[in-house]
Amino acid sequence: MIPNYEGLDTLRARGFRLTRPRRLILDVVRATDAHPTAAFVYEKVRRRLPRVSLATVYRNLRMLAAEGFLAERTDAGGLRFDGNTGPHDHFTCLTCGRIYDVPARDDRGGRRCVAARTGFEVLDHRTEYYGRCGTCRRQRGRAPLTRQSRAQGRS
């Protein structure tokens with residue numbers, strides 16, 4: 001049975017089928033708020049479909065993002081996927097590296113200001129917050145990640 005995914009008709013209208021691997025990939029990303037990497041999604045999908053390849057998972061993640069079912073985001077740790085496609089910003093904990101969704105600020109005035117100063121047509125923007133999450137603040141002993149250590153994958 002295929003769950004009722006928003007936009008399923010759009011996917012089919014563009015010539016894509018909702019295959020079992022594609023459904024599982026979408027389920028894995030939408031079931032977590034951790035902004036998973038392709039490798040994380042691959043490990044979860046592989047538990048249900050042992051013969052699925054990392055290339056299949058990655059190709060489907062990119063396609064689902066291109067079609068608007070998922071969002072892609074790049075950070076110091078690489079490419080991540082977000083099941084929350086609605087407007088929101090992100091908070092990254094510099095200690096544990098976890099990424100949290102936070103409600104988006106209404107920044108239409110800022111976009112208008114940038115457009116007026118530069119002549120750019122601002123279609124969208126993204127706000128990123130950095131700091132320590134509540135759990136890490138309570139643990140105090142852990143050193144925050146630097147931009148360099150985040151880029152090297154330390155978490």
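## Order of helices and strands

Read from one end of the sequence to the other, the protein chain of this predicted model follows the pattern α-α-α-α-β-β-β-β-α-β-α-α. In total, the chain has seven helices and five strands, and of its 155 residues, 32% count as buried.

One of the buried residues is Ile-25, which is found in helix α2, covering residues 20–30. Ile-25 has a relative accessible area of 0%, and because buried means under 20%, this residue falls in that class. Although Ile-25 and Tyr-58 are 33 residues apart in sequence, their C-alpha atoms are 9.4 Å apart in space.

## Salt bridges

The structure holds four salt bridges, and one of them joins the side chains of Glu-72 and Arg-62, with a distance of 2.3 Å from N to O. Glu-72 lies in strand β1 (residues 71–75) while Arg-62 lies in helix α4 (residues 54–66), so this pair ties together parts that are 10 residues apart in sequence. Both partners count as partly exposed, Glu-72 at 33% relative accessibility and Arg-62 at 37%.

Another salt bridge is formed by Glu-128 and Arg-73, whose closest N and O atoms are 2.7 Å apart. Here Glu-128 belongs to strand β5 (residues 128–131) and Arg-73 to strand β1, so the parts tied together are 55 residues apart in sequence. Glu-128 also meets the side chain of Arg-126 in a salt bridge of 2.9 Å, N to O, and in this way Arg-73, Arg-126 and Glu-128 are linked in a network of salt bridges. The members of the network are covered to varying extents: Arg-73 is buried, with a relative accessible area of 3%, whereas Glu-128 is partly exposed at 21% and Arg-126 is partly exposed at 48%.

## An aromatic pair

A search of the whole structure finds one aromatic pair. The rings of Phe-91 and Tyr-100 have centres 6.3 Å apart and planes at an angle of 50°, so the pair is described as tilted. The label follows because planes under 30 degrees apart count as stacked and those over 60 as edge-to-face, with the rest called tilted. Tyr-100 itself counts as partly exposed, with 26% relative accessibility.

## A positive patch on the surface

On the surface, Arg-132, Arg-137, Arg-138 and Arg-140 form a positive patch. Among them, Arg-137 is found in helix α6, which spans residues 134–139. Arg-137 has a relative accessible area of 52%, and because exposed means over 50%, this residue counts as exposed.

Notes:
Residues are numbered from 1 along each chain as its sequence is written. This is a predicted model: local features need pLDDT of at least 70, side-chain atom pairs count only at pLDDT 80 or more; totals for chains, interfaces and linings use all residues. Side-chain values use heavy atoms; hydrogens and water are left out. Patches are made of residues with over 30% relative accessible area and no salt bridge: like charges are joined within 9 Å, nonpolar side chains (Val, Leu, Ile, Met, Phe, Trp, Tyr) within 5 Å. Accessible areas come from the Shrake-Rupley method with a 1.4 Å probe; for residues, only the protein chains shown count as cover. Lys and Arg count as positive and Asp and Glu as negative; His and the chain ends are not counted. The place of a charge is taken as NZ of Lys, CZ of Arg, CG of Asp or CD of Glu. Helices (H or I, at least four residues) and strands (E, at least two) are DSSP runs, numbered from the N terminus. Buried means under 20% relative accessible area, exposed over 50%, partly exposed in between (1.4 Å probe, protein chains only). Rings of Phe, Tyr and Trp (its six-membered ring) pair if their centres lie within 6.5 Å; planes under 30 degrees apart count as stacked, over 60 as edge-to-face and the rest as tilted.
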